[in-house]
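Reader: I've just opened this one and would like to find my way around. Can we go through it together, one question at a time?

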Amino acid sequence: MKRSKLIVAALLGASLMASPVMAKSLVYCSEGSPENFNPQINTTGTSFDAARPIYNQLVEFAPGTVEVVPGLAEKWEVSPDGKTITFNLRKGVKFGATKYFTPTRDFNADDVLFSFNRQWKADHPYNKVSGGAYDYFNDMGMPDLLESIEKTDDYTVVMKLKEPNSPIIANLAMDFATILSAEYGDAMLAAGTPEKLDQEPVGTGAFSFVAYQKDAVIRFKAREDYWGGKQPIDDLVFAITPDASARYAKIKANECQVMIAPNPADLEVIKADPNVNLLEQAGLNIGYLALNAQKAPFDNVKVRQAINYAIDRDSILKEVYQGAGQKAKNLIPPTIWSYNDAITDYPFDPEKAKALLAEAGVTSLSSDLWYMPVQRPYNPNGKRMAEMMQADLAKVGITVELKSFEWGEYRKRLQAGEHQMGLLGWTGDNGDPDNFFFLLGCAGGTPAGQNISKWCNKEFDDLLMSARTLTDVKERSALYAKMQEISKAEAPQVTIAHSTVFEPIRKEVEGYKVSPLGRHEFTGVSVK
């Protein structure tokens with residue numbers, strides 16, 4: 001560890017261990033470092049969590065729910081044909097500041113146009129800054145969906161769509177729709193440092209960004225002028241702690257008050273801890289093994305089916321998840337409407353796997369299998385899961401080499417399709433089935449897309465597109481039921497488990513809610 005990191009860690013530890021944490025401070029034990037602090041160019045929950053204290057969207061999810069509520073838009077109206085959305089913006093909203101920038105005006109429609117046009121318009125001055133990859137914006141189909149975004153005055157924005165889109169309002173509550181400061185963007189562009197917009201953020205959120213020490217700590221300060229009111233805590237700290245056992249040790253020592261992703265094996269001990277509340281919720285998530293359908297022999301459906309038969313998911317559920325979840329037969333969890341319970345799952349059947357490989361003409365197969373380097377709610381131990389899969393596949397004649405990379409690099413390489421087989425997962429962003437099914441959409445099958453199976457099925461994709469134009473839940477459900485049949489038969493992935501999400505918090509913490517969307521949010525949270 002570098003000396004600077006040791007100093008930061010020592011200062012953090014000393015300040016927190018010398019006495020109980022001050023009533024107006026809260027420390028969250030996170031599991032990893034963010035890629036940057038602009039949610040528009042990120043794809044990981046780790047990075048989104050690190051940016052949320054700073055920002056708002058036009059519409060937002062009420063904490064702990066999938067209910068969409070007003071954010072920077074006080075209200076909105078959708079036209080009868082579903083193609084025009086008018087947002088009435090909140091007045092008197094202040095932006096935060098940095099040592100490089102002090103705002104001279106309140107939030108207005110220019111900030112909304114700046115934030116969306118950056119992702120949409122190739123000629124926008126910020127479009128190529130920080131790599132210029134807007135995966136979520138593209139994966140949500142925004143470039144093809146948007147007709148125009150215009151302001152009619154400083155506090156009214158009109159968004160016109162090319163066709164009706166049922167998930168659009170829920171989608172706009174997602175992190176990619178974060179609103180940035182156009183004035184800050186202009187100032188940093190003029191200074192020749194446009195990347196500061198993404199690394200030293202300015203937003204309208206409840207907290208301002210103070211400092212970030214990579215792989216160690218992120219510090220935020222509650223804003224006195226936040227439009228939603230001053231928060232109960234003054235200081236919010238993210239203590240970056242990759243190891244789950246170390247996170248729990250910090251909870252026990254009151255060095256952290258909230259933590260992510262405990263070890264399943266530690267749950268009984270945590271439940272018995274008199275100083276800790278173990279919050280629990282069925283996860284709106286899926287852990288899966290993606291099979292790269294653009295690489296032989298995984299372009300053969302029989303090979304993909306064989307791998308589904310070869311993996312003992314019951315043993316994985318028992319050992320890796322410690323029973324804290326359920327075996328997944330569909331991409332979406334059973335808690336989401338349109339779940340097709342009539343689907344017949346692949347049982348564990350190594351002999352059937354061998355027979356399918358023989359039918360496919362595969363007598364000897366060597367493959368890589370990538371495993372996640374971090375613990376996520378949908379996968380408590382990627383390495384151990386990969387090792388178990390490696391052993392299962394060896395029994396049917398498939399030799400597997402295990403690989404992993406740093407988390408950000410891992411995601412980029414998977415999205416680019418470098419792997420043959422790769423472990424990943426998904427926690428729903430908005431509670432709409434579309435937010436899971438798009439993971440197998442053809443648009444996402446392109447390099448850098450969220451479809452890391454790189455599988456493309458025209459019938460599946462046509463149904464996906466059609467469902468977005470419908471408003472009737474029964475009609476949409478019928479299409480999604482058919483899509484589940486197609487994806488199960490085509491087997492572009494091995495659906496492993498829907499995990500139960502556990503979050504230990506100190507009993508001094510009040511107002512914290514487990515999010516069904518996997519978020520970690522601290523507005524309205526206090527510490528006794």
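Reader: Which side chain meets K94 in a salt bridge?
Author: Keep in mind that this is a predicted model. In general, side chains of opposite charge can pair when their charged atoms come close. Here a nitrogen and an oxygen sit 2.9 Å apart, inside the 4 Å limit for a salt bridge, and the partner of K94 is D106.

Reader: Where in the chain do D106 and K94 lie, and how many residues apart are they?
Author: D106 belongs to the loop between β5 (84-89) and α3 (109-120), and K94 is also in the loop between β5 and α3. The pair counts as a link between distant parts of the chain, with a separation of twelve residues.

Reader: Is K94 buried, partly exposed or exposed?
Author: Buried would need under 20% relative accessible area, and exposed would need over 50%. Its partner D106 comes out at 23%, so D106 is partly exposed. K94 has 35%, which puts K94 in the class partly exposed.

Reader: What about D154: how far is it from K151 at the closest N and O atoms?
Author: These two form a salt bridge as well. D154 is partly exposed at 37%, and K151 is partly exposed at 33%. Their closest N and O atoms are apart by 3.3 Å.

Reader: And R52 with D49: are they buried or exposed?
Author: Their side chains meet in a salt bridge, N to O, at 2.5 Å. Unlike a partly exposed residue, a buried one has under 20% relative accessible area. For R52 and D49, the class is the one for both: buried.

Reader: Which residues are linked with R52 and D49 in a network of salt bridges?
Author: The structure has 33 salt bridges by the rule used here. The network takes in R52 and D49, and its other members are D175, R519 and E521.

Reader: Let's turn to the cysteines. How many residues apart are C29 and C256?
Author: A disulfide joins C29 to C256, with 2.0 Å from S to S. C29 sits in strand β1 (residues 25-30), whereas C256 is in the loop between α9 (244-252) and β11 (258-259). Both cysteines are buried. Along the chain, this pair is separated by 227 residues.

Reader: What is the handedness of the link of C29 and C256?
Author: The angle about the S-S bond is 55°. That makes the link right-handed.

Reader: There are two disulfides, so what is the torsion about the S-S bond of C442 and C456?
Author: The structure does hold two disulfides, and in this one the sulfur atoms are 1.9 Å apart. C442 and C456 are both in the loop between α16 (434-437) and α17 (458-468), 14 residues apart. The disulfide is right-handed because the torsion is about 100°.

Reader: Is C456 buried or exposed?
Author: C442 has 17% relative accessible area, so C442 is buried. C456 has 53%, and over 50% is the mark for the opposite class, so C456 is exposed.

Reader: One last residue: which backbone oxygen does the side chain of Q375 reach at 3.2 Å?
Author: Q375 lies in the loop between β15 (365-370) and α14 (382-394), and at 8% relative accessible area Q375 is buried. Its contacts beyond four places in sequence include E31, R247 and N263. The side chain of Q375 reaches the backbone oxygen of A261 at 3.5 Å, while at 3.2 Å the oxygen belongs to P380.

Definitions and conventions. Residues are numbered from 1 along each chain as its sequence is written. This is a predicted model: local features need pLDDT of at least 70, side-chain atom pairs count only at pLDDT 80 or more; totals for chains, interfaces and linings use all residues. Side-chain values use heavy atoms; hydrogens and water are left out. Buried means under 20% relative accessible area, exposed over 50%, partly exposed in between (1.4 Å probe, protein chains only). Helices (H or I, at least four residues) and strands (E, at least two) are DSSP runs, numbered from the N terminus. A disulfide is a pair of cysteine sulfur atoms within 2.5 Å. A polar contact is a pair of N or O atoms within 3.5 Å; within protein, one must be able to donate a hydrogen and the other to accept it, and residues adjacent in sequence count only if both atoms are side-chain atoms. Contact means heavy atoms within 4.5 Å.
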